[in-house]
Amino acid sequence: MEELFNFSSHSSDDFDDPIEMYKKGYRAGKRINGPLDYQSEIIMKYFSKHLDRRDVAIELPTGSGKTLVGLIIGEYRRRKRGEQVVFVCTNNILVDQVCTQAIKKYGIRVLKFTGTQSEYSTSDMHVFLRNEAIAVTNYSSVFNNNSFFSDVDTFIFDDIHGADNYIASPWTFTINRFLDGEGSNEQVNVVYDQIMDLLSTTESSPEFKKSLVDDPEVENSVNSVSLFELQKFWNAISEIVESNRDLIKDSKYAWSNIKEHLGACNLFYDKKSITIKPLYSPTLTLENIRQTKQRIYLSATFGHTEQTSRTIGVSDKIDYIKLDSNREPTGGRHYLLFPIINNQNENQIEKYANLLTEVIPIKTKAVILTKNNRDRDLFNALLPNSFKKFDISHIQDFYNSEDGIIVLSNRYDGLDFEEDLSHLLVLSDIALATNLQERFLSSRINARILYREQIQTRIIQAIGRASRSEQDYSVVIILGTDLQNQLQSHNKVSPFPKMIQAEINTGIQLSSNIENSDNPSVNLSKVIESLTSRNKTAIEKVEKQINEELSLLNDDKNQPDYLEKLNRSAKYELKCNYDLWNNNYDEAFVNAEKAVHELSDDIKLLGYRAFWLYLAAYSAYEIFQKTQDPIDKKKCIRCIAEMHSASQYTPWFGKVIVPEFSESTNANESNFLDDSLSLLFENIETSLFSGNLKKTKLKYRKDVTKTLEKLKVEPDSKSNGKNGKIFEQGFQELGRLLGYRSENTVQDSAPDPWWFIDDTKVVVSECKIITEHIPTKYVRQAAGHKEWLMKNNIPGIGKDTSIITVFISNQTKLKSDARTFADNIYYLNQDALYKFAVSATNTMAELITELSERNDISWRDYAKRKMVEKNVTPSDLLKLIEKEKLSELPS
């Protein structure tokens, strides 16, 4: 019984700093002697200057041991200061990984907390509450109103760069179109349908309807309803949600958090889901986050735009700690390969799986990363059973196996496959935007620049999954078109670390050699085998090339001005976000205007600046609703006018009006590029970036030649109309080459190709290459095209659509009896169309050579000026079409 009265002694705090603490103790189970030099350096930087700061960000490259640094700092605060410390991971798998490393590798006692609070070990909870060990948990366990971790002194947030969706979850209300979220069982969620039907009456309803069309061209289309219009819908939306609570099980908590703050929320939607959320997460409304003594953020890179502040919802200054560039460790070697796969939009994953089956040895260990569960499941179904296949639930079996393939979705952070766990990594693609808000701001607001550094970090993290130390290596096969285009764009890769740039440049050259060889797939397989098996000759040649590429890169790391502007703007954006949440519209207006000021004078920020003018206008509008003061109304109108002026490359803002005084807030066409030209740019970019950019650019030139040949076809009485059909096909192809949505049908008595000039104008054609004067029967057909389009429910055509009918022909004379039916029909001669087509396609081909990324406002500005100079804008096309009426042709 005496042993019951044996008490453990308290841990000694006889040490001066974290490094001394770690070296003095922690022998049990520890497999390392201590932190490496650069880890000690970063810890001591923290200790000397940042121990008492509220928000501290620690940056260490991928694979350089951020976990150990965070744990040593946390352990020091626990022991020396008697603090409760929580180490936070993005998911439960990483919680397990950190706990295993802490206990078995570093000798630091930690406690795992996953699942619901009722599943927590009572003993572990008591140990943690007595400050006897660090807790390790996930973001979801911290960011909620009823967290067990309610009185924590220090939070250490790991992989903060990949945590935005986890942090935002408590305030992100999502309704999926299908109850299973994926659409595999096609059981429709009536809540989604009811809300979408409600919104179909908004100002943007034409685009709204277009977003619901099951059309590959709008597969990734995302939209938002303006805050001014949303005000009249919030009550009805609330009623729909409240009366269907059984259908929102997964989003009940988020709804309870935002339903009293809908005025501060945006609504985003696409053909699969609806999201309602504030712009940034109001995390400081959670007492455990607001009251903690210190918040530490760990990441491979933080960039220069204060995106971490936006992610975590903290407007106070964050202290950043990083190593000098010459002290940064490398994360191992990456041998990158970029195989070319043609027509990637068609059965994309099947083509990837077929390629991998050809080039990956059966007896190998490979990790395949996909951007969603659908792609993951397709890979598993399509890869032959001759491969051992594993999934996330059997990851330990994969670790222990000598060979096999594991396919994972959305796993670009944290999961490690170091050393012999895998030396072969396949990236089928990654989600460059991870939620509807990011997609909307990137694609519709032209604010992708805001996420550029985040995207860079995601890519670096993905590439580094299988090379986790300076001695480690991996062969990385890049398959996805978005990812290939991203990594082959000099502008996008130039901010990357120099070593990764050198690896990318070497991989591009090696891949080009493979592509130009006699048997690309066989040679790709040989290269993979040589690099994974460390063939001496192959490795020496590749290493020599990497070093040569490295020597050619300069050290100029001057950051563009727009990054500093985004940095300075962040604190005002976040203050405005909290002001809107608290219905403090006066302060919201002030802070929105300050954000606008910081974002001024840079063309790359035009879209994002316009967005903040929009929020300033909304704040002024809400003030006016309370005061009815004409001065507040003028503030709103001024901001809307400035928004329209700043948004010349962003059609979405053209639909933003204030219903109560719409005459004063309608978009002025002279102040911003008309919708047709902006939509044209979007369509061109969508087409080119659907495959490998280098290949699609080359294909564009070839397609232009074929199309021009079709437009120059001669009439032939013996062809039975064949030449006319060739011309018709050429006219439809011309529309697509120039960026218009160009469609046709094979139905009898139906129109020939019709082009969407913008959301409100359509040009429909009757194309005839004939040997006789234009006869009555063809004119009568043309006269019925408008009615046909209206009656056949063509997506994008409604009662308010302006439909322009044009008769295109080689003939210049009209039979006299046809004149009766020629009213309201325009005439365009074949030669005039051909001349315009040559000029327009040459101009577009020239512009395309300069295109390197989507939504590049600098490129769009250049393209606009060039098209205006060459008279090939949509307005010029309409002038050409409407120049002559068919009824005015001579007989």
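This passage walks through one helix and its surroundings, a parallel sheet with its covering helices, and the cysteines of the structure. The model is a predicted one.

A good place to begin is helix H4, which covers residues 92-105 and contains 14 residues. From its first C-alpha to its last, H4 reaches 19 Å, close to the 20 Å expected at 1.5 Å a residue. Both ends of the helix have something to show. At the N-terminal end, asparagine 91 acts as a cap, with a side-chain oxygen 3.2 Å from the backbone nitrogen of isoleucine 93. Just after H4, glycine 107 adopts a positive phi of about 70 degrees.

Between these ends, the buried residues of H4 are Leu94, Val95, Gln97, Val98, Cys99, Gln101 and Ala102. Their cover includes two helices, H3 (66-81) and H17 (395-400). Strands contribute to this cover as well, including E2 (85-89), E3 (110-112) and E4 (134-138).

Further along the chain is an open sheet of six strands, in the order E12-E17-E16-E13-E15-E14 and with parallel pairing. Strand E12 (333-337) and strand E14 (389-390) stand at the edges with a single partner strand each, so one side of each has no neighbour in the sheet. In general, the strands of a sheet are joined through backbone hydrogen bonds, in either a parallel or an antiparallel way. Within this sheet, strand E13 (residues 365-370) and strand E15 (residues 404-409) pair in the parallel sense over six bridges. Here isoleucine 368 is found opposite valine 407 in E15.

Helices also pack on this sheet. Helix H19 (residues 452-463) touches E12, E13, strand E16 (424-427) and strand E17 (473-478). The direction of H19 makes about 145 degrees with that of E16. Helix H16 (residues 373-382) lies across E13, E14 and E15, and runs at about 160 degrees to E15.

Finally, the cysteines deserve a look, as the structure holds zero disulfides. For cysteine 89, the closest cysteine sulfur belongs to cysteine 99 and lies 7.3 Å from its own, which is too far for a bond. A disulfide would require the two sulfur atoms to be within 2.5 Å. Cysteine 89 has 1% relative accessibility and therefore counts as buried, and Cys99 is among the buried residues of H4. For cysteine 265, the closest cysteine sulfur is that of cysteine 576, at 13 Å, again too far for a bond. Cysteine 265 is buried too, with a relative accessible area of 0%.

Notes. Residues are numbered from 1 along each chain as its sequence is written. This is a predicted model: local features need pLDDT of at least 70, side-chain atom pairs count only at pLDDT 80 or more; totals for chains, interfaces and linings use all residues. Side-chain values use heavy atoms; hydrogens and water are left out. Helices (H or I, at least four residues) and strands (E, at least two) are DSSP runs, numbered from the N terminus. The expected span of a helix is 1.5 Å times one less than its number of residues. Buried means under 20% relative accessible area, exposed over 50%, partly exposed in between (1.4 Å probe, protein chains only). Contact means heavy atoms within 4.5 Å. A polar contact is a pair of N or O atoms within 3.5 Å; within protein, one must be able to donate a hydrogen and the other to accept it, and residues adjacent in sequence count only if both atoms are side-chain atoms. Two strands pair if DSSP finds at least two bridges between them. Axes are lines fitted to C-alpha atoms, for helices over the stretch in contact, and angles run from 0 to 180 degrees between N-to-C directions.
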